[in-house]
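Trainee: I've got a new model open and I'd like to learn how to read it. Could you walk me through it?

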Amino acid sequence: MIRPGMAAFLVTVMTTMSLAACTGEATPQPTAGTPSATPGPAQILTWTRTASDSPTTDALVSGTLAVNDNGCVTIGAALLVAPPGSSVLADGSGLSVSSLGEHKFGDTLQNVSGGHFDITGTAADPAGISECLSSVSPEHEYTVVWGE
């Protein structure tokens, strides 16, 4: 299911990629890394940044931080892909999100710059997504938080 604002976002991305193909310059896109080795049960996916990255906000993200049954961090009903430098707190009680500060599991984040993306089950998904899907109630989307 594509959200109303997502169609415009996808057209913009596809147009930008098409124009980049014509000019020989690629448009950088955030990609998730593998779940980080962290103390405690939670794992957090982070996207990687290159010097030319310039994230585009698709939505204002809101939701409660939690850990799914597979040990991965979620926000609302989606897997969280956090900005580079984010980590699980040493005591495992929450996250330190790059440029957004520390937040405990159970806290609600509101109006954070980011975007929502469908999980496709293909190579188009960021690395680590398939390993993080809940076995009880698999997530259907992931949420990228830009943290800027």
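Mentor: Happy to. Let's start with a term we'll need: a residue is called buried when its relative accessible area is under 20%, and exposed when that area is over 50%. Keep in mind that this is a predicted model.

Trainee: Let's try that out, then. Are Trp47 and Trp146 buried or exposed?

Mentor: Trp47 and Trp146 are both buried. For contrast, look at Ala127, which is partly exposed at a relative accessible area of 41%. Ala127 sits in the loop between β9 (108–118) and α2. Its C-alpha is 8.6 Å from that of Leu45, although 82 residues separate the two in sequence.

Trainee: Back to the tryptophans. How do I describe two rings that sit together?

Mentor: A pair of aromatic rings is described by the distance of the centres and the angle of the planes. A search of the whole structure turns up 2 aromatic pairs. Trp47 and Trp146 make an edge-to-face pair, with 5.4 Å from centre to centre and 85 degrees between the planes. Trp47 belongs to strand β2 (residues 45–48) and Trp146 to the segment after β10 (141–145), so this pair ties together parts 99 residues apart in sequence.

Trainee: And how are Phe117 and Tyr142 arranged?

Mentor: Phe117 and Tyr142 are stacked, with centres 5.4 Å apart and 25 degrees between the planes. Here Phe117 comes from strand β9 and Tyr142 from strand β10, so the pair links parts that are 25 residues apart in sequence. Both Phe117 and Tyr142 are buried, too.

Trainee: Now the nonpolar cores. Which residues have the most contacts inside the largest one?

Mentor: The general idea is to look for buried nonpolar residues joined through side-chain atoms within 4.5 Å. The largest such core has 14 residues, and those with the most contacts inside it are Ile44, Leu65, Val73, Ile75, Leu80 and Leu95. At least two residues of this core come from each of β3, β4, β5 (78–82), β7 (94–97) and β9. Apart from it lies another core, of 12 residues, including Leu45, Trp47, Phe117 and Ile129.

Trainee: What does Leu65 touch, if I skip its neighbours within four places in sequence?

Mentor: With those left aside, the contacts of Leu65 include Val73, Ile75, Leu80 and Leu95. Also among them are His103, Lys104 and Asp107.

Trainee: Next, the disulfide. Which cysteines does it join?

Mentor: A disulfide is a covalent bond between the sulfur atoms of two cysteines. The count here is 1 disulfide, and it joins Cys72 to Cys132, with 2.1 Å from S to S. At -65 degrees about the S-S bond, the link of Cys72 and Cys132 is left-handed. Cys72 lies in the loop between β3 (59–67) and β4 (73–75) and Cys132 in helix α2 (residues 129–132), so the link ties together parts 60 residues apart in sequence. As for accessibility, Cys72 is buried at 2%, and Cys132 is buried as well, at 1%.

Trainee: Last one: the sheet with β6, β7 and β8. In what order do the strands run?

Mentor: Strands of a sheet pair through backbone hydrogen bonds, either parallel or antiparallel. This sheet is open, has 3 strands in the order β6-β7-β8, and pairs antiparallel. β6 (87–88) and β8 (101–104) are at the edges with a single partner strand each, so one side of each has no neighbour in the sheet. Antiparallel β7 and β8 are joined by 4 bridges, and Val97 stands opposite Gly101 in β8.

Technical notes:
Residues are numbered from 1 along each chain as its sequence is written. This is a predicted model: local features need pLDDT of at least 70, side-chain atom pairs count only at pLDDT 80 or more; totals for chains, interfaces and linings use all residues. Side-chain values use heavy atoms; hydrogens and water are left out. A disulfide is a pair of cysteine sulfur atoms within 2.5 Å. Buried means under 20% relative accessible area, exposed over 50%, partly exposed in between (1.4 Å probe, protein chains only). Rings of Phe, Tyr and Trp (its six-membered ring) pair if their centres lie within 6.5 Å; planes under 30 degrees apart count as stacked, over 60 as edge-to-face and the rest as tilted. Contact means heavy atoms within 4.5 Å. Two strands pair if DSSP finds at least two bridges between them.
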